[in-house]
Amino acid sequence: MKHACYKSIVFSLLAGTVPSLFAAPDASRQAELLYLLKHDCGSCHGMTRQGGLGPPLLPENLQGRPQLLMVNTVLDGRPGTPMPPWRGELSAQDATWLVEVLRAGEGL
Amino acid sequence: MNGVYVSRRSCRSLLVYKSALQARMVRWFLASLVLVTLSQFARADDCLTRGSGDLGIVIERASGSVQIIDTTAMTALTRVTGLGDVSHASAVFSRDARFAYVFGRDGGLSKIDLLCGTLVKRVVQAGNSIGGAISQDGSLVAVSNYTPGGVKVFAADSLELVADLPAQDKAGNSSKVVGLVDAPGQQFVYTLYDAGELRIADLSNPAAPLVTTYPGIGRLPYDALITPDGRYYIAGLFGEDGLALIDLWHTGEGVQRILDDYGRGEEKLPVYKMPHLEGWAIAGRHAFIPAVGRHEVLVVDRHSWKQVARIPVHGQPVFVVARPDGRQVWVNFAHPLNDTVQVIDTEQMKVVHAMQPGKGVLHMEFAPRGEHVWLSVRDLDQVQVYDTQSFQRIARLEVEKPSGIFFTARAHRTGL
């Protein structure tokens, strides 16, 4: 969580000057998102992110994937696959933060 | 006693001695019996001496454990730990209903002794797995795998590997395996998710399995079921409308598509949780199935396999299970509507009752004769028991992040 704390400090410093899209969700929202990641994303990607019907989401699986592509996959899904769009339930800010969590292998 | 004189007195004293000796022998016998019994208990780690027909297990998905439950007393007996990642685990039972085989997400196959409350053996047989089945005669346990794809078959007693059935398509690409069930004739039937193939493996001779492949059954089959009589195997398709059906009495007729006109041209909703077909509800001449990406339960005629009704429900169904008498069908729902359970009356074909047990209702298991249903409510860390006539909650058990609930009555049913 050290990493996330550091990030949220940086984000909060920037918050006044950049659009709120780039701010990290607050602590209670972060807890909600981690729970969603573990239990709901986990129903396809595995609770420990090692994959299932959906692909694994461990840091080594995500290396070299463009950030924007991953955020858009979360928000809009992947047509033709079971990956649903999470827009409506997740904001762009939530999705961006979740992708960071996945890349860093946090909360495992 | 001819030729030996025994006075009346000495005869009496002999009798007294004899009865004293008998009493002592009885005491010795009882003492040795107690000793033997005690030593047996010590050896068996305080195993229960009772029937196991009313026991079951509940998966604790986040803590790698199961709780063994007594469905008569409605209590948890003990917790068995060390099962690895059981976040999507399912279980089958040995035919004597003493042992549970738990299939973990991490490829672990665990054998649990329900009476001793112990983990008898655990093998990690693949990188990532999804479920399993036990053979008709109870001698083989098969596990279906995602990584690497395929089915591995183990001896039920020792968990030694007996057969390895890879799941490669014609091009040699490995496929995830879903919908593995047992079928009469010592067969296992399963479906290849990526390849869109159905396979029947005959394990009558475990040393030389006979595998028959039915390619091109449809895009992305996500789960399958076998009817309780073991005759029809039906795979749900995610990638297109309809389901793929094979009649195991007439496999020569191949795989046919049913319900392929269902929902044509209609926009599907995003699916936040894949439906499960395992608990497919067969009630009288109708089958009730979850519609993919729709807030509906489909009703199908079991003879013509034509759709007869679409029942609107609260959300996207995950499990659609019939009470054993077929009068009611209970439905739970995908995220974010998974706090609700609805009950369909199978004669009226409509929802007659709804309840909110709590957020994250993941699974439902009926008592074998249907008087009670057990629900796992993940976010409350509870298993709740309901009376299916009055819909009153009659018990609550503390269970950490419960998911699958499996009763030993499954030991005697095909496909479960």
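Start in chain B and select strands 2 and 3: five bridges join them, and the two strands run antiparallel. Keep in mind as you click around that this is a predicted model. For a landmark on this pair, pick D70(B), which stands opposite T75(B) in strand 3 of chain B.

**The four-stranded sheet**

Now widen the selection. Strands 2 and 3 belong to an open sheet of four strands in chain B, ordered 3-2-1-32 with antiparallel pairing. Strand 3 (75–80) and strand 32 sit at the edges with a single partner strand each, so one side of each has no neighbour in the sheet. Look at how the strands are turned: ignoring direction, neighbours in this sheet are rotated by 25 degrees against each other on average.

Next, select residues 55–60 of chain B, which is strand 1. Towards strand 2 (residues 65–70), strand 1 of chain B pairs in the antiparallel sense over six bridges. Click V58(B) to find one of the matched positions; its bridge partner in strand 2 is Q67(B). Then follow the chain from strand 1 into strand 2: the two form a hairpin with four residues between them. In that turn, stop at G64(B), where phi is positive at about 65 degrees.

Swing round to the other neighbour of strand 1. Strand 32 of chain B (residues 402–407) is joined to strand 1 by four bridges, and the two run antiparallel. Here, E60(B) has P402(B) as its bridge partner in strand 32.

How many of the residues of strand 1 of chain B are buried? Six of its six, so the strand is mostly covered. In a regular strand the side chains alternate between the two faces of the sheet. To check both faces here, colour L55(B), I57(B) and I59(B) one way, and G56(B), V58(B) and E60(B) another. Those two sets lie on opposite sides of the strand, and every one of these residues is buried.

**Over to chain A**

Hide chain B for a moment. Chain A has five helices and zero strands, so reading from the N terminus you get α-α-α-α-α. Of its 108 residues, 28% count as buried.

Select helix 4 (residues 67–76) and helix 5 (residues 92–104) of chain A; their axes come within 9 Å and cross at roughly 120 degrees. That angle makes helix 4 of chain A oblique to helix 5 of chain A. The crossing is right-handed. To see the contact itself, show side chains for Q67(A), M70(A), V71(A), V74(A) and L75(A) on helix 4 of chain A, and for A92(A), A95(A), T96(A), L98(A) and V99(A) on helix 5 of chain A. By class, this contact has eight nonpolar, two polar and no charged residues.

**Where the chains meet**

Bring chain B back. The contact between the chains takes 22 residues from chain B and 16 residues from chain A. On the chain B side, the elements giving two or more residues are strand 8 (128–134) and strand 9 (140–147). Colour that side by class and you'll find eleven nonpolar, five polar and six charged residues.

**Backbone oddities in chain B**

Most residues other than glycine have a negative phi, and most peptide bonds are trans. Here are some spots to compare with that.

- From strand 9, step on to P148(B), in the loop between strand 9 and strand 10 (150–155) of chain B. The peptide bond from T147(B) to P148(B) is cis, with omega near -15 degrees.
- Jump to P336(B), in the loop between strand 25 (328–333) and strand 26 (341–345) of chain B. The bond leading into it from H335(B) is also cis, with omega near 0 degrees.
- Pick A97(B), in the loop between strand 4 (90–93) and strand 5 (99–103) of chain B. A97(B) is not a glycine, yet its phi is positive at about 60 degrees. A97(B) is buried, with 21 other C-beta atoms within 10 Å.
- Select M349(B), in the loop between strand 26 and strand 27 (350–355) of chain B. Its phi is positive too, near 55 degrees. M349(B) is partly exposed, with 16 other C-beta atoms within 10 Å.

**Last stop**

Finish at D46(B), in the loop between helix 1 (8–43) and strand 1 of chain B. Is D46(B) buried or exposed? D46(B) counts as exposed because it has 10 C-beta neighbours inside 10 Å. Draw a distance from its C-alpha atom to that of I394(B), and you should get 30 Å.

Definitions and conventions:
Residues are numbered from 1 along each chain as its sequence is written. Chains are lettered from A and ligands numbered from 1 in the order in which they are written. This is a predicted model: local features need pLDDT of at least 70, side-chain atom pairs count only at pLDDT 80 or more; totals for chains, interfaces and linings use all residues. A residue is buried if 20 or more other C-beta atoms lie within 10 Å of its own, exposed if 12 or fewer, and partly exposed in between; C-beta atoms are placed from the backbone. Two strands pair if DSSP finds at least two bridges between them. Axes are lines fitted to C-alpha atoms, for helices over the stretch in contact, and angles run from 0 to 180 degrees between N-to-C directions. Angles under 35 degrees count as roughly parallel, over 145 as roughly antiparallel, 65 to 115 as roughly perpendicular and the rest as oblique. A crossing is left-handed if the near helix is turned anticlockwise from the far one by less than a right angle, and right-handed if clockwise. Two residues are in contact if their C-beta atoms, placed from the backbone, lie within 7 Å. Ala, Val, Leu, Ile, Met, Phe, Trp, Tyr, Cys and Pro count as nonpolar, Asp, Glu, Lys and Arg as charged, and the others, Gly among them, as polar.
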